[in-house]
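Here is a friendly walk through a two-part story of sheets, loops and charged pairs. Take a moment with the sequence and the view below, then read on.

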Amino acid sequence: MAEVTLDADRLGIRGLNAALHAVPAGAHVRVLNPRGRHNLAVGLRERIAVDFAGPCGHYLGGLGACAEITVWGPVGRGVGENLMSGGIRVRGDAGGGAAAAARGGTIVVAGDCGSVAGIGLAGGTLAIAGNAGPYCGRAARSGVILVCGDADVGLGDALGDAVIYVGGRIAGLGDGALAAEPDENDLTAAKLIAATCGFDHVDPENLTKVTSVRYRPRLLSGRRAAGRPPVPGRLSAASA
Amino acid sequence: MSHTFPPHVIAEIQERARLGRYGVRGRGAARRLPGFDDLLLLPAAAATRDGAARRGPCRTETVLGTRYARNPVVLELPVTLAGMAYGSISPGAKEALGRAATMAGTAATTGDGGMTPQERDAAKTLVYQLTPSRHGVDPDDLRAADAVEIVLGQGAHPGPGGLLPGEKLRPRVARRRGVPPGVDLRAPADHPDWAGPDGLAVKIAEIREATFWRVPVFVKLGAARVAEDVTLAVTAGADVVVVDGMQGGTGGGEEVLIEHTGLPTLAAVRIAADTLAELGVRGEVQLVVSGGIRTGADVAKALALGADAVSVGVAALIALGCNSSSDDTGADVTADYRALGTAPGACTACHTGGCPVGIATQDDVLADRLDPDLGAERVANYLRAITAEAALLAAACGHASVHDLRRDDLVALTVEAAAMARVPLAGTTWIPGLPSGPGGG
Ligand code: SF4
């Protein structure tokens, strides 16, 4: 495996990203001095491993696929936004909008997440070792969010088909979210995620499952999709 | 008859009383608004005629995205095709628009729901819309595009997002969007991953990094607080600002928003152009204007007010066959309009998914009523014709390029239009709202 060291101070954001895109598949890259710069490792497409030796800014690893990225420190907003595949491990806290609209891959946050973690999640996995800020999982369409600690208000607001597991307390559920008993499948999934992420501080047997109330809003005609229970509330309350 | 409660208002009240919900429809504002029809162009008179400029054809080439991108978008026309959602219009309609853009030498734009391989293949120049819903966004598609347009708003409903009714959310559309089929979708107003004005600069920079600084980044705004929004977009690093006035169309939106929010395109283009000038970036950041552009005269007037290009949506759909009484098989479809409670020439039923001419539908049987080849030809013809009209008007005003049209070439027929466009009322030097003096009367 090729070992490459890049210095963000020397290359700048643009130069560093160009260098990362040029690294051959299978390489391991160590990035020195990221110093909280935004938009690092954006749009990567190769199976490379990248280690950032310090804090990174917004959109770390956004719009990417295949790469395995580790950040030895906290990250800013939108880590792994629109991620397609691969993984991002944050050895610290993450700002708001972690894994926003991610369609695949796994994003692991060793600390806490800011607001709207997993917003619009569309297929990936977001695992948070600590607490999640307000409106975690808002409008998440599919995928899984594991919050080992506490979840703030608005959890699962306008949730779609994504599932959220919470190990700690839930300050409040969002519109259309429902706390439910996990079943065997949930337990298997949660165990797998916890094991993959190295989370041994959470007990998969003692998680709360949060899901959508499973209604399918019919905003326009008042009719309902087949087999669904009636729409609670009024038109203006629904959201996709 | 009461002017406060005319029959259509009574009917609307009765409908709300019966159903307990508000009206939803497609298209843009239908109310009478000050518009380009309220302006006239002043041809070059004897005193201003420049013989050199009038020799040879009037140029129409248009370049967008010269600020930071390595590969600006170079078009033969000052008219592009506006974004339309995959799901809102049929795959055949998308393909036809892409093909028409290629035939005419301009750009097509994707829309909410991502890019289809067919439209990428069909359009030589394709602008990829990054919408707040993020449905179907694929970084590979982003990189395959010729420009990226970050959509912050839409003229038809500048605040909230649009609606996609369950009828149009067929499995193939739902799959691409990553949502369950058959549900009514309300697009969110905001992008999920940035939390306000400061975030836009970082977002734009992210798109540049993901596309290797190759393609221009457009920022599309629904016309509301235009000066503030244009300032934000420019400060954040946009290459091109797209301003969509309230006559701009939608595939589905709340009627109350469509008719009662936003700014008319006429006012929006002038404010946007003035703001770019005040920021000192005219010529560096291009302005694209959309919202009710129909004719070459509209194009010429928008350019004279400061736009670098215009974008057509509803008009392109009409060229494609929207509101026609027959489909591409030659069948009379008037009865199908009637079934939707409307008629050819008056249809705004895009939100129903039952488009009689196979455009705003995901029903395969209906979609087959549109022949993408014939449709593309019609749209390309339309684009060429309105460009020729604009060139004719520019040449009449003594210009060698449509981009030489300027505000001096315009007068207004109404006080309202004069005030909004900041051009003199015809036959006077009076520009309402400006202090008296040179140009102000
Ligand atoms: S004809 Fe089709 S595209 Fe045109 S307004 Fe009616 S439904 Fe919409």
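A residue is called buried when its relative accessible area is under 20%, exposed when that value is over 50%, and partly exposed in between. Please keep in mind that this is a predicted model.

**Two unusual loop residues in chain A**

With that cut-off in hand, A:Ala41 is easy to place: its relative accessible area is 1%, so A:Ala41 is buried. A:Ala41 sits in the loop between β2 and β3 of chain A. Its backbone is worth a look as well, since A:Ala41 is not a glycine and yet has a positive phi of about 55 degrees.

The loop between β2 and β3 of chain A also holds A:Arg35. Here too phi is positive in a residue other than glycine, with a value near 50 degrees. Is A:Arg35 buried or exposed? A:Arg35 has 58% relative accessibility, so it counts as exposed.

**The sheet of chain A**

Which strands make up the open sheet of chain A, and in what order? There are eleven, arranged as β1-β2-β3-β4-β5-β6-β7-β8-β9-β11-β10, and their pairing is mixed. At the edges stand β1 (3–7) and β10 (177–180) of chain A; each has a single partner strand, so one side of each lacks a neighbour in the sheet. On average, neighbouring strands of this sheet are turned by 15 degrees against each other, with direction ignored.

As general background, strands of a sheet pair through backbone hydrogen bonds, in either a parallel or an antiparallel way. For one pair in this sheet, strand β3 (residues 49–52) and strand β4 (residues 68–71) of chain A, the sense is parallel, and the pairing runs over four bridges. If you would like to find the register, start at A:Val50, whose bridge partner in β4(A) is A:Ile69.

Helix α1 (residues 8–22) of chain A lies across β1, β2 (28–32) and β3 of chain A. This helix runs at about 130 degrees to β1(A).

**Charged pairs**

Side chains of opposite charge can pair when their charged atoms come close. How many salt bridges does a search of the whole structure find? Over all chains, the search finds 32. Three of them are set out here.

| Acidic residue | Basic residue | Closest N and O atoms |
|---|---|---|
| A:Asp157 | A:Arg138 | 2.9 Å |
| B:Asp193 | B:Lys203 | 2.6 Å |
| B:Asp328 | B:Arg378 | 2.9 Å |

In the salt bridge between A:Asp157 and A:Arg138, A:Asp157 belongs to the loop between β8 (142–147) and β9 (163–166) of chain A, while A:Arg138 belongs to the loop between β7 (122–128) and β8 of chain A, so the pair ties together parts that are 19 residues apart in sequence. A:Asp157 counts as buried at 11% relative accessibility, whereas A:Arg138 counts as partly exposed at 24%.

Next comes the salt bridge between B:Asp193 and B:Lys203. B:Asp193 lies in the loop between β10 (185–186) and α7 (197–210) of chain B and B:Lys203 lies in helix α7 of chain B, so this pair ties together parts that are ten residues apart in sequence. B:Asp193 is buried, with a relative accessible area of 0%, and B:Lys203 is buried, with a value of 0%. These two residues also belong to a network of salt bridges that links A:Glu81, B:Arg134, B:Asp193, B:Lys203 and B:Glu206.

The salt bridge between B:Asp328 and B:Arg378 links distant parts of the chain, 50 residues apart: B:Asp328 is in the loop between α12 (314–320) and α13 (334–339) of chain B, and B:Arg378 is in helix α15 (residues 372–396) of chain B. B:Asp328 is partly exposed, with a relative accessible area of 22%, and B:Arg378 counts as partly exposed at 30%.

**Two more stops in chain B**

B:Arg176 is found in helix α6 (residues 171–177) of chain B and counts as partly exposed at 24% relative accessibility. Leaving aside neighbours within four places in sequence, the contacts of B:Arg176 include A:Arg103, B:Tyr86, B:His135 and B:Asp141. B:Gly136 is another of these contacts; B:Arg176 and B:Gly136 are 40 residues apart in sequence, with their C-alpha atoms 5.2 Å apart.

Finally, B:Phe5, B:Ile10 and B:Ile13 form a nonpolar patch on the surface, and together they have about 270 Å² of accessible area. B:Ile10 is located in helix α1 (residues 7–19) of chain B and is partly exposed, with a relative accessible area of 38%.

Definitions and conventions
Residues are numbered from 1 along each chain as its sequence is written. Chains are lettered from A and ligands numbered from 1 in the order in which they are written. This is a predicted model: local features need pLDDT of at least 70, side-chain atom pairs count only at pLDDT 80 or more; totals for chains, interfaces and linings use all residues. Side-chain values use heavy atoms; hydrogens and water are left out. Patches are made of residues with over 30% relative accessible area and no salt bridge: like charges are joined within 9 Å, nonpolar side chains (Val, Leu, Ile, Met, Phe, Trp, Tyr) within 5 Å. Accessible areas come from the Shrake-Rupley method with a 1.4 Å probe; for residues, only the protein chains shown count as cover. A salt bridge is a side-chain nitrogen of Lys or Arg within 4 Å of a carboxyl oxygen of Asp or Glu. Buried means under 20% relative accessible area, exposed over 50%, partly exposed in between (1.4 Å probe, protein chains only). Two strands pair if DSSP finds at least two bridges between them. Axes are lines fitted to C-alpha atoms, for helices over the stretch in contact, and angles run from 0 to 180 degrees between N-to-C directions. Contact means heavy atoms within 4.5 Å.
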